[in-house]
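User: Could you take a close look at one part of this protein for me? I'd like to understand a single strand and what surrounds it, with a word on how far to trust the model.

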Amino acid sequence: MAVLLTFIPVWIWLQIDPVISKRDIYISCIVLPLLISPSCSIGIQRAHLKVRHLADRNEYLANHDELTGLPNRRAFFARAGALMDLPRPSTQVFACAIADIDDFKSINDTAGHETGDLVLKALSTVLAEIAPEDVTVARLGGEEFAMAGLFASEAAARIWFEALVREVACRRPDGRKVTISLGWCIAEAEENMSAQLSRADHALYQAKHGGKNRAVRAVSGGPRMIAVA
């Protein structure tokens with residue numbers, strides 16, 4: 001294609017040149033395109049790679065949080081929905097949770113936003129490191145994170161959420177203790193993600209008002225509080 005694109009203008013130019021001979025016309029039509037086409041090919045290839053890179057970058061930004069690299073709210077709902085639709089044994093459960101960094105405003109006010117960003121990244125690292133294979137984690141915005149996925153049982157989900165709270169408390173980004181409050185729930189029949197997150201958010205509210213640094217499970221009849229030292 002590059003040879004053809006260079007051949008046509010060369011042939012037209014040589015046809016209207018009154019000096020050059022017909023023999024030289026055909027020689028030039030063969031030689032010049034062969035000299036020009038590699039440059040054209042490289043230019044076209046570079047343009048294609050640039051467009052591809054921009055498309056990949058835009059797709060990444062559309063589905064990931066720029067600061068932490070975790071999936072964003074949009075990607076979370078898509079991935080969590082896909083996990084909910086997976087066929088699974090009757091013993092498995094689908095659970096979701098919302099976690100919020102305790103006293104995050106105070107961290108920003110006293111230590112600065114740079115430290116606040118460090119804390120957000122540290123929590124994101126913990127989530128990415130210990131999340132089970134069938135659990136997706138995301139940053140919903142601000143200091144709020146969401147998790148959802150399949151667990152072997154309700155007990156397995158409880159153990160993981162409690163372990164997450166403890167693990168965060170053990171990490172000390174920038175030398176300071178950081179804790180989270182977490183609300184979680186088990187999906188009920190015909191319940192969509194929005195409804196689950198609403199219940200988890202209510203349990204998170206209870207965790208905050210129950211002393212923070214704890215996990216609270218939303219159950220029928222009210223949340224059940226589980227303090228984590």
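**A close look at strand 1**

Analyst: Happy to help. This is a predicted model, with a pLDDT that averages 81 over the protein and reaches at least 70 for 69% of the residues.

Let's place the strand in the chain. The protein has 7 helices and 6 strands, and from the N terminus the order of elements is α-α-α-β-α-α-β-β-α-β-α-β-β. Strand 1 covers residues 93-101.

How many of its residues are buried? For strand 1 the count is 9 of 9. In the protein as a whole, buried residues make up 39% of the 229 residues. The cover on strand 1 applies to both faces. On one side sit Val93, Ala95, Ala97, Ala99 and Ile101, and on the other Phe94, Cys96, Ile98 and Asp100, every one of them buried. Asp100, then, is listed among the buried residues together with Phe94 and Ile98.

Now to the neighbours. Strand 1 pairs with strand 3, residues 144-151, in the antiparallel sense, and 8 bridges link the two. Within that pairing, Cys96 stands opposite Ala148. Strand 1 is also joined to strand 4, residues 180-186, by 7 bridges, and this pair runs antiparallel as well. Here Ile101 has Ile180 as its bridge partner. If you are following along in the viewer, Cys96 with Ala148 and Ile101 with Ile180 are handy pairs to pick out.

Following the chain onward from strand 4, you come to the loop that leads to helix 7 (193-209), and Glu190 lies in it. Its phi is near 65°, a positive value in a residue that is not glycine. Most residues other than glycine have a negative phi. Is Glu190 buried or exposed? With a relative accessible area of 83%, Glu190 is exposed.

On the other side of helix 7, Asn213 sits in the loop before strand 5 (214-218). Asn213 is another non-glycine residue with a positive phi, about 50°. Its relative accessibility is 13%, so Asn213 counts as buried.

On a wider scale, among contacts in the protein with a separation of 6 or more, 61% are between residues 24 or more positions apart. The accessible surface of the protein comes to about 12900 Å², and carbon and sulfur atoms account for 57% of it.

One caution as you browse: over residues 221-229 the pLDDT stays under 50, although the model has 29 contacts beyond four places in sequence for them. Where pLDDT is low, the predicted coordinates should not be read in detail.

Key: Residues numbered from 1 in each chain as written. Predicted model: local features only at pLDDT ≥ 70, side-chain atom pairs only at ≥ 80, totals over all residues. Heavy atoms only, no water. Buried < 20%, exposed > 50% of the residue type's maximum accessible area, 1.4 Å probe, protein only. Helix = DSSP H or I, 4+ residues; strand = E, 2+ residues; numbered from the N terminus. Pairing = 2+ DSSP bridges. pLDDT = per-residue confidence, 0-100. Contact = heavy atoms within 4.5 Å. Areas by Shrake-Rupley, 256 points an atom, 1.4 Å probe, with all protein chains shown as cover.
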